[in-house]
Amino acid sequence: MLAVLATKIRSNGEGSVVTAIKKPYEGFLISEPMVGRGMVIFRDPNGRRMVTTVVRRILTTAETEGREDPRERRLMYVETENSVYRLAFLDASRHAASAASG
């Protein structure tokens, strides 16, 4: 599982969907996003999850490819049919410890 902080940075939808821009969603991805499939972020141990529409494009940043410091956050931008998300991959061990204690 991948610990991730997903932030919606753009919405192509209408109505109430637009109000969620810049809202952070912290949780876990089972695997990295893939074009043609929906992205699912498990948000808490009780089964709450966020499911996106189909992924259209994925962009990785230069920092992702050429990281010299392994503690740096890895960034990825994911465009779905309705929105664009910025994913910051977190240190899974730190995230798991805080989830277990809380």
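Is S83 buried or exposed? With a relative accessibility of 3%, S83 falls below the 20% limit and therefore counts as buried. The legends below describe close-up views of a predicted model.

**View 1. The chain as a whole comprises two helices and six strands.** Read from the N terminus, the elements follow the order β-β-β-β-α-β-β-α. The chain has 102 residues, of which 32% are buried. Its accessible surface amounts to about 6,600 Å², and carbon and sulfur atoms contribute 50% of that area. Among contacts with a separation of 6 or more, 45% link residues 24 or more positions apart.

**View 2. Six strands close into a barrel.** The strands follow one another in the order β1-β2-β3-β4-β5-β6, with antiparallel pairing. From one strand to the next, the twist averages 50°. In general, strands of a sheet pair through backbone hydrogen bonds, in either a parallel or an antiparallel arrangement.

**View 3. The largest nonpolar core contains 13 residues.** V4, L29, M39, I41, V78, L87 and F89 have the most contacts inside this core. At least two core residues are supplied by each of β1 (2-11), β2 (24-29), β3 (38-42), β4 (49-60), β5 (74-80) and β6 (83-89). Strand β6 provides the largest share, namely three residues.

**View 4. L29 is one of the core residues with the most contacts inside the core.** When neighbours within four places in sequence are set aside, the contacts of L29 are M1, L2, V4, M39, V40, I41, L87 and F89. I41 of β3 is also the residue that L29 stands opposite. The two strands concerned, β2 and β3, pair in the antiparallel sense over two bridges.

**View 5. The side chains of β3 alternate between two faces.** M39 and I41 point to one face and are buried. G38, V40 and F42 point to the other face and are not buried. Both M39 and I41 are listed among the residues with the most contacts inside the largest nonpolar core.

**View 6. A hairpin connects β3 and β4.** Six residues lie between the two strands, and G47 in the turn has a positive phi of about 95°. The strands run antiparallel and are joined by four bridges. Within this pairing, G38 stands opposite V54 in β4.

**View 7. Strand β5 is largely enclosed by the rest of the structure, because six of its seven residues are buried.** On the β4 side, the pairing with β5 is antiparallel and spans five bridges. I58 stands opposite V78 in β5, and V78 is one of the core residues with the most contacts inside the core. On the β6 side, β5 is paired in the antiparallel sense over six bridges.

**View 8. Strands β5 and β6 form a hairpin with two residues between them.** R74 stands opposite F89 in β6. F89 is likewise listed among the residues with the most contacts inside the largest nonpolar core, and F89 is also in contact with L29.

**View 9. The surroundings of S83 in strand β6 are shown in this view.** Residues up to four places away in sequence are not counted, and S83 then touches K8, R10, S11, N12 and V78. V78 is the residue of β5 that I58 stands opposite. The buried state of S83 corresponds to a relative accessibility of 3%.

Methods
Residues are numbered from 1 along each chain as its sequence is written. This is a predicted model: local features need pLDDT of at least 70, side-chain atom pairs count only at pLDDT 80 or more; totals for chains, interfaces and linings use all residues. Side-chain values use heavy atoms; hydrogens and water are left out. A nonpolar core is a set of buried Ala, Val, Leu, Ile, Met, Phe, Trp, Tyr and Cys residues joined through side-chain atoms within 4.5 Å. Buried means under 20% relative accessible area, exposed over 50%, partly exposed in between (1.4 Å probe, protein chains only). Contact means heavy atoms within 4.5 Å. Two strands pair if DSSP finds at least two bridges between them. Axes are lines fitted to C-alpha atoms, for helices over the stretch in contact, and angles run from 0 to 180 degrees between N-to-C directions. Accessible areas come from the Shrake-Rupley method with a 1.4 Å probe; for residues, only the protein chains shown count as cover.
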